[in-house]
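Open the model in your viewer and colour it by secondary structure. The stops below say what to select and what to look for.

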Amino acid sequence: SSSVTVKASSASSSPPTTIDQELRIKTVPTQPFEGQKTGTSGLRKKVKVFMQENYLANWIQALFDSLPPEDYKNGVLILGGDGRYFNREAAQIIIKIAAGNGVGQVLVGMDGIMSTPAVSAMIRKRKANGGFIMSASHNPGGPDYDWGIKFNYSSGQPAPESITDKIYGNTLSISEIKMGDIPDVDLSRLGRVDYGAFSVEVVDPVADYLELMENVFDFSLIRSLLSRSDFRFIFDAMHAVTGAYAKPIFVDKLGASPDSISNGVPLEDFGHGHPDPNLTYAKDLVDVLYGENGPDFGAASDGDGDRNMILGRAFFVTPSDSVAIIAANAQETIPYFKTGPKGLARSMPTSGALDRVAEKLNLPFYEVPTGWKFFGNLMDEGKLSICGEESFGTGSDHIREKDGIWAVLAWLSIIAYRNKDKKPGEKLISVSDVVNEHWATYGRNFFSRYDYEECESEGANKMIEYLRDLVSKSKAGDKYGSYTLHFADDFTYTDPVDGSVVSKQGVRFVFTDGSRIIFRLSGTGSAGATVRVYIEQFEPDASKHNVDAQTALKPLIDLALSTSKLKEFTGREQPTVIT
Ligand code: G6P
Ligand code: ZN
């Protein structure tokens with residue numbers, strides 16, 4: 001696999017090249033492709049599907065056909081990606097179609113690299129009209145794997161369903177593509193090229209993002225921790241996009257040792273890896289943290305840099321706890337939140353740990369469907385500061401995407417703050433100490449998710465239909481084994497800002513003791529159907545907090561499997577991933 005070298009933070013800008021030619025626009029005839037409907041976050045397919053002639057071009061043109069002209073004519077668009085296979089070709093296609101549709105300027109990350117949170121940050125900082133992200137997030141990359149494209153709007157948030165539905169509609173009737181007749185852009189050098197009214201600038205993908213992080217966090221506090229000789233830190237970039245960010249931020253700015261970054265070079269196939277920071281796919285990192293004499297703190301991020309996993313020595317912080325703990329400590333440890341968070345939110349399947357923090361801090365609290373886009377409206381209205389999802393996404397209103405490096409810096413801030421007065425040799429307060437204290441204060445929400453990936457769609461759909469039917473027949477007080485039903489529904493969300501309603505967002509059974517079992521089909525898979533089962537149980541008694549989650553949840557997991565007849569419908573004995 002070929003490596004993507006990003007010299008971004010050290011490279012100096014070459015002088016702008018002005019090619020004073022008129023921009024010629026050509027019209028390319030095309031025919032619709034079926035199935036260009038976007039899922040939870042953009043359009044994701046196998047690379048080979050995207051490599052069909054005009055497949056990507058059709059979707060990009062359909063997008064311009066769906067936007068009001070004032071949203072892009074003579075406007076600025078950001079373009080970045082996670083470094084995966086096909087990004088370089090895709091970038092050229094996108095730039096040409098942007099030119100053909102009257103966009104004024106495209107700012108593209110060097111080598112086509114820019115993380116999802118950095119694109120969101122740059123859209124906001126440069127007051128751009130929007131941006132494209134070339135990524136299939138945590139899905140594997142390479143000629144036989146996945147590719148994807150997302151479009152984010154002017155406040156940096158993923159395009160709303162009203163736009164993605166329109167795009168889909170337009171993909172079904174598209175007949176021509178408008179392309180600027182310009183040569184391929186040299187993505188390997190910083191600098192700007194003008195073609196009449198259109199220009200492309202190759203930019204440093206790190207600088208704006210780093211500046212934002214320096215404004216959000218107390219870098220000298222974090223540096224005081226990372227430069228200690230009695231604190232060992234490891235960040236696994238999984239050969240994905242945060243490889244371009246980890247050294248400039250953790251090493252150059254914050255004093256971590258250079259060997260604390262592993263898999264720090266972005267590769268087109270992520271080094272044959274599956275760039276998803278969880279216990280299954282980030283196993284190498286997990287083994288290091290659970291090994292003999294492991295480091296004190298470990299973290300990883302996914303393909304496009306928006307997900308995160310936080311580990312202590314021989315300790316895993318479940319994402320549902322992570323957001324709750326960040327929220328509980330934010331005001332004290334992160335300057336951006338010094339007047340306190342405005343509100344907190346989580347996705348429906350995420351555990352209720354955050355709810356308890358909101359209650360204690362007396363903060364507004366929101367429960368939204370799975371998908372980061374649902375947080376954006378609340379943030380724009382000033383109702384929400386910190387939010388997270390069980391799917392390893394954590395973030396805040398500093399941008400409009402979840403942010404892997406932000407989450408790592410938030411955790412480092414908490415640990416640094418708790419240890420700021422510790423003398424060398426004194427025992428440090430660890431990640432597991434912080435989590436255990438949190439549970440002692442708030443109680444523990446045991447949580448686990450079982451994934452059954454790439455099931456036959458038919459069986460998976462039938463299972464959901466069966467569950468919906470069960471919901472319609474169920475009533476409060478029904479017995480499910482030793483559990484008593486409080487209510488069951490298929491989650492519907494009404495956006496408190498614009499009143500829009502989304503339904504069928506996940507079947508949930510909520511029991512009288514607060515335990516929940518939830519069933520959803522993933523909206524991010526690229527083949528077949530992925531069934532997700534979420535299991536949660538609250539335990540107030542601190543003497544029972546140190547039980548393994550799988551052990552504590554066993555009865556509820558069995559109940560979820562039998563209630564859904566999952567084995568019968570999907571033919572699966574075991575999940576493919578447990579988190
Ligand atoms: C992406 C989205 C998240 C979502 C996750 C899982 O990372 O940005 O908002 O929670 O995928 O989605 P899925 O539909 O696969 O459960
Ligand atoms: Zn991602």
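**Stop 1: the end of a bent helix.** Select Lys565, the residue that follows helix α16; its phi is positive, near 50°. This is a predicted model, so treat every value here as computed from it. Now step back into α16 itself, residues 549–564. Its 16 residues should span 22 Å at 1.5 Å a residue, and the end C-alpha atoms are 21 Å apart, which agrees. Where does α16 bend? Go to Pro555: the helix bends there by about 50°.

Next, show the side chains of the buried residues in α16. They are Ala549, Ala552, Leu553, Leu556, Ile557, Leu559, Ala560 and Ser564. Keep the helical repeat in mind while you look: with 3.6 residues a turn, residues three or four places apart point the same way.

**Stop 2: the seven-stranded sheet.** Select the strands in the order β21-β22-β25-β26-β27-β20-β28. Together they form an open sheet, and the pairing is antiparallel. Which strands lie at the edges? They are β21 (479–480) and β28 (577–578), each pairing on one side only. Add helix α15, residues 457–473, to the view. It packs on this sheet and touches β20 (444–455), β22 (483–490), β25, β26 and β27. The direction of α15 makes about 40° with that of β27.

Walk across the sheet from the β21 edge.

- β21 and β22 pair in the antiparallel sense over two bridges. Tyr480 stands opposite Tyr483 in β22.
- The two strands form a hairpin with two residues between them. Pick Gly481 in the turn: its phi is positive, about 60°.
- β22 then pairs with β25, antiparallel, over five bridges. Find Ala488 and its bridge partner in β25, Phe509.

**Stop 3: strand β26.** Select residues 516–521. Is this strand enclosed or open? Five of its six residues are buried, so β26 is largely enclosed by the rest of the structure.

Look at one neighbour, β25 (residues 507–511): it pairs with β26 in the antiparallel sense over four bridges. Val510 has Arg516 of β26 as its bridge partner. The link between the two strands is a hairpin with four residues between them. In that turn, select Gly514, which has a positive phi of about 90°.

Turn to the other neighbour, β27 (residues 529–539). Its pairing with β26 is antiparallel too, over six bridges. Two pairs are worth labelling. Arg516 has Glu536 of β27 as its bridge partner, and Ile517 stands opposite Ile535 in β27. Arg516 thus links the view both ways: to Val510 and to Glu536.

**Stop 4: the four-stranded sheet.** Move to the strands in the order β17-β16-β18-β19. They form an open sheet with mixed pairing. β17 (365–368) and β19 (393–396) stand at the edges, each with a single partner strand, so one side of each is left without a neighbour in the sheet. From one strand to the next, the twist averages 15°.

Zoom in on β16 (residues 344–347) and β18 (residues 386–389). These strands pair in the parallel sense over three bridges. Ala345 stands opposite Cys387 in β18.

Two helices come next. Helix α12, residues 373–380, packs on the sheet and touches β16, β17 and β18. The direction of α12 makes about 150° with that of β17. Helix α10, residues 319–333, lies across β16, β18 and β19. It runs at about 170° to β18.

**Stop 5: helix α3.** Select residues 87–100. The 14 residues should span 20 Å at 1.5 Å a residue; the end C-alpha atoms are 20 Å apart, which agrees. How many residues of α3 are buried? The count is 10 of 14, and the helix is mostly covered. Among them are Asn87, Ile94, Lys96 and Gly100. Beyond the helix, pick Gly102, whose phi is positive, near 90°.

**Last stop: the whole chain.** Zoom out and colour by domain. The chain is divided into domain 1 (17–204), domain 2 (209–442) and domain 3 (444–578). The C-alpha centres of domain 1 and domain 3 lie 36 Å apart.

Methods:
Residues numbered from 1 in each chain as written. Chains lettered and ligands numbered in written order. Predicted model: local features only at pLDDT ≥ 70, side-chain atom pairs only at ≥ 80, totals over all residues. Domains from an automatic or database assignment. Buried ≥ 20, exposed ≤ 12 C-beta atoms within 10 Å, placed from the backbone. Pairing = 2+ DSSP bridges. Expected span 1.5 Å × (residues − 1). Bend = angle between axes of the 7 residues up to and from the residue. Axes fitted to C-alpha atoms, helices over the stretch in contact; angles between N-to-C directions. Contact = placed C-beta atoms within 7 Å.
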